[in-house]
Amino acid sequence: MSEDPAMPASARLVGAHVPLIDGVEKVSGRAEYTADLAHRDALVGRIFRSPYSHAKITRLDVTDALALPGVAAIVTGEDCDVPFGVLPIAQNEYPLARDRVRYRGEPVAAVAAIDETVAEAALRLIRMEVEELPAYYDPEKARMPGAVELHADRPGNLERDVHHEFGDVEAGFAAADIVLEKVYDCAEVTHVQMEPDVSLAEYDAERDRLTLHTCTQVPYYVHLRVAQCLGMDTSRVRVVKPYVGGGFGHRSETLNFEIIACILARAARAKVRLKLSREETFVTHRGRPATRIKLKIGMIKDGRMTACACETLQAGGAYGGYGIVTILYSGALLNAIYDIPAVKFDGYRVYTNTPPCGAMRGHGTVNVRFAFESLLDQMADELGLDPFEVRRRNLLEAPVRTINDMMVESYGLPQCLDWVEEASGWKARRGNLPKGKGLGLACSHYVSGAAKPVHWTGEPHAVVNLKLDFDGGVTILTGTADIGQGSSTVLAQIVGEVLGLDLDRVSVVANDSRITPKDNGSYSSRVTFMVGNAAIEAAEKLKGILAEAAARKLDAKAEDIECLGEIYRVQGGQDPGLPFQEVVDEALAESGTITVKGTFTVPRSHQGGRYRGAGVGPSMAYSYAAVATEVTVDEDTGRVTVDKVWVAHDCGFAINRLACEGQIQGAVWMGLGQALSEETRYHKGLPLGPNMFDYRVPTIVESPDIEVKIVESIDPNGPFGAKEASEGALAAVIPALANAVADAIGLRMDETPVTPDRVIDAILRKERGRGRKRSAA
């Protein structure tokens with residue numbers, strides 16, 4: 001158990017290294033993911049996908065395919081004329097293309113058949129004729145005058161432009177001793193979660209009811225979109241989330257295959273299993289968009305920033321998805337990490353003829369943070385200042401409300417910097433390492449849940465129900481999606497802590513829309529903070545009911561009852577008290593099964609300002625991280641090897657230290673992938689290498705030693721003071737690596753990933769530049 005002074009004095013469960021409560025099922029193979037569910041009686045679903053990047057559909061003939069023996073149903077865009085999307089204001093995608101296809105691999109038709117062989121044969125019999133249209137894979141070409149519009153209501157293929165300015169930016173630059181401006185390019189990347197996409201949909205024709213089992217982070221949003229697209233009342237739809245093999249944002253919106261499975265099941269009046277291949281999962285995508293960042297920072301000689309101007313261009317893919325939120329996050333979170341008196345942001349999210357991008361771990365912030373921390377490091381170098389000192393000169397003083405109206409009440413970045421500096425031996429080692437070795441630093445932050453939900457209904461942001469019955473077990477009912485991050489364990493720890501019970505008395509049921517209360521889902525690191533607070537409220541209510549029952553039995557006042565978990569007694573009395581089960585029996589005697597509810601809603605004071613786009617960025621708390629990397633650069637091959645990573649993450653109070661450490665390590669590992677090797681590439685819209693061999697995800701072989709420090713700043717609003725622990729460190733990893741490369745070989749890398757060919761190109765450019773200077777001399 002942790003002995004950190006931040007831990008509540010009486011803590012038994014929170015603050016400890018607690019194994020995940022579903023860990024045994026996962027490591028033993030007993031956990032059933034969607035693909036493992038019983039499906040012998042299910043039809044096989046397959047999707048016919050567009051071989052064109054951009055085209056009008058002039059003819060789609062499924063006659064021969066439908067006539068094939070063993071085919072139960074075929075559906076096309078004619079079977080669903082309702083668009084969908086995660087944002088109510090940006091729903092422009094159909095489950096199956098209607099009239100036009102906008103990227104290679106877009107679903108056009110789907111087949112349900114008795115087996116895979118018949119389903120594949122049916123796909124080969126589908127005939128599609130098109131009128132090809134110009135395709136745009138680059139956002140700048142998509143915005144050129146005369147470019148064909150992908151969507152009629154989006155002139156210039158511009159999904160959303162954002163223009164915010166806080167403070168006097170021009171005056172800030174005028175006051176600066178040094179102003180640097182640079183352009184950075186970040187390649188598109190994708191999630192590569194272990195579990196490929198799969199849905200199992202069953203339609204009950206007699207009752208007109210639909211049950212969907214699917215691998216999602218957001219069962220509630222899936223429920224809404226399925227009902228919407230199928231024209232069904234939401235009461236007739238049931239969504240169940242089995243075990244999920246990772247998400248990282250890929251599954252934080254309803255995806256086309258989930259709706260297609262339901263449309264097929266209703267058309268076939270049966271159960272349909274739609275399991276995508278790894279390549280199809282890549283095409284379904286929703287990854288981090290290719291981004292160009294033009295960044296300008298002003299600074300005075302002592303290292304304090306005076307102004308920042310950032311222009312961001314994102315290639316969003318063919319449909320809206322989370323695009324509006326992504327571009328808004330990119331600007332909003334320039335703030336809330338450093339004290340910058342003036343910030344200007346111009347953002348452009350552009351439609352392109354590639355698979356739609358969406359949310360990915362560190363949503364909206366990662367690429368801009370790479371640019372910012374890289375330029376900050378370069379400015380420190382030019383001023384002859386230490387990178388740590390420059391960041392310390394610009395720290396916030398919490399509590400503080402930022403210039404764009406975001407509230408920061410806990411701020412552990414100073415402690416993160418202190419630990420990383422000492423642990424890495426920065427002062428003694430930087431500048432004294434062997435040739436080709438370097439150290440780099442960067443910082444980052446992230447939200448602890450978006451202050452405003454995607455679907456504003458006026459309901460609480462989180463709801464938890466607790467059930468107590470004759471068996472003396474406490475059941476947590478939650479709509480929260482545990483996708484491997486350990487949210488179910490955290491909720492069990494919280495409830496057990498408040499009630500003073502061991503985990504073997506607590507169980508968690510999550511997520512079944514027929515049983516559990518609605519929850520908005522697992523995204524933007526919202527669960528621990530929001531659902532955790534709701535769980536505390538519910539547990540306190542249940543403890544109050546049990547205290548009243550004990551008071552009746554002990555002939556005392558409820559406020560005088562002391563809860564010791566398995567024993568309830570009168571405070572200060574000599575009576576040994578009552579065992580937990582006896583108290584439960586008394587509580588049940590009057591009402592039977594006890595169900596209590598806890599809720600949580602972000603107060604208006606933390607929901608941001610009133611300007612356009614102000615709803616994206618505000619949070620009740622922000623996590624902070626500092627990362628240092630040590631690298632070795634082989635100048636002959638261009639290969640960059642990461643020798644070690646030091647990461648300090650301020651996650652407030654660490655409710656489960658084991659899970660927090662694992663999540664921080666995972667964020668570092670994912671950041672290293674984007675920094676070194678990961679990149680989605682296309683040839684005329686055709687994905688290149690959409691598999692786990694060619695995509696180049698780092699393996700355990702490439703993983704360096706990662707030393708983690710948990711910093712606990714204790715947020716006044718978080719459950720036991722907890723904050724986000726999974727996403728905040730990722731964004732610092734990429735610039736920390738780039739800055740380490742600069743320290744090693746004197747070259748600033750302004751593109752990701754930092755592959756050997758890019759390093760060699762940079763070295764050659766530097767040598768050519770030296771040659772020109774010698775010639776001129």
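In the predicted model, strand β1 (residues 43-49) directs its side chains to two sides: L43, G45, I47 and R49 point one way, V44, R46 and F48 point the other way, and all are buried. Since 7 of the 7 residues of β1 are buried, the strand is largely enclosed by the rest of the structure. Two neighbouring strands pair with β1. Strand β5 (residues 107-113) runs antiparallel to β1 and is joined to it by 6 bridges, with A112 of β5 serving as the bridge partner of G45. Strand β12 (residues 271-275) runs parallel to β1 and is connected to it through 2 bridges; here R273 of β12 stands opposite V44.

A contrasting arrangement of side chains is found in strand β8. In a regular strand the side chains alternate between the two faces of the sheet. Along β8 (residues 178-186), I178, L180, K182, Y184 and C186 point to one face and are buried, whereas V179, E181, V183 and D185 point to the other face and are not buried. Strand β8 belongs to an open sheet of 6 strands with mixed pairing, in which the order is β7-β15-β14-β13-β8-β31. The edges of this sheet are formed by β7 (158-166) and β31, each of which pairs on one side only.

Both pairings of β8 can be described in terms of individual residues. With β13 (residues 290-299), β8 shares 9 bridges in an antiparallel arrangement, and the bridge partner of Y184 in β13 is I293. With β31 (residues 751-752), β8 shares 2 bridges in a parallel arrangement. Within β31, E751 is the bridge partner of D185, and T752 is that of C186. The two residues of β8 named in the pairing with β31 thus differ in their surroundings, because C186 is on the buried face and D185 points to the face that is not buried, buried meaning under 20% relative accessible area.

The largest nonpolar core of the model comprises 158 residues, among which F372 and L413 touch the most other members. The element that gives the most to this core is helix α18 (residues 730-745), with 12 residues. A second, separate core contains 50 residues, including V14, A549, A550 and I594.

L413 is also one of the buried residues of helix α12 (residues 413-423), together with C416, L417, W419, V420 and E421. Apart from neighbours within four places in sequence, L413 is in contact with I337, Y338, L395, C443, Y624, A625 and A626. The cover over the buried residues of α12 includes the helices α11 (387-393) and α13 (426-429), as well as the strands β18 (437-447), β26 (622-633), β27 and β30 (705-711). Helix α12 is followed by G425, which has a positive phi, near 65°.

Two further residues, E253 and T326, were examined individually. E253 is placed in the loop between β11 (237-240) and α7 (256-268). With a relative accessible area of 1%, E253 counts as buried because this value is under 20%. When neighbours within four places in sequence are left aside, the contacts of E253 are V86, V218, E258, R286, G321, Y322 and G358. T326, by comparison, is part of helix α9 (residues 323-332). Its relative accessible area is 2%, and T326 is therefore buried. Not counting residues up to four places away in sequence, T326 touches P289, Q314, R349, G358, H363 and G364. G358 thus appears among the contacts of both E253 and T326.

Empty space in the model was also examined. Rolling a probe the size of a water molecule over the atoms shows where empty space is left. The second largest pocket has a volume of about 680 Å³. Its lining consists of 24 residues, of which L676, S677, R696, E702 and P756 lie nearest the centre of the pocket. By character, the lining residues divide into 12 nonpolar, 6 polar and 6 charged. Strand β27 (residues 640-650) supplies the largest share of this lining, 3 residues. Strand β27 is also among the elements that cover the buried residues of α12.

Conventions. Residues numbered from 1 in each chain as written. Predicted model: local features only at pLDDT ≥ 70, side-chain atom pairs only at ≥ 80, totals over all residues. Heavy atoms only, no water. Buried < 20%, exposed > 50% of the residue type's maximum accessible area, 1.4 Å probe, protein only. Helix = DSSP H or I, 4+ residues; strand = E, 2+ residues; numbered from the N terminus. Pairing = 2+ DSSP bridges. Core = buried A, V, L, I, M, F, W, Y, C linked by side-chain atoms within 4.5 Å. Contact = heavy atoms within 4.5 Å. 1 Å grid on protein atoms, 1.4 Å probe; cavity = no way out; pocket = protein on both sides within 12 Å on 5 of 7 lines; lining within 4 Å. Points joined across faces, edges and corners; volume = space filled by probe spheres on them. Nonpolar A, V, L, I, M, F, W, Y, C, P; charged D, E, K, R; others polar.
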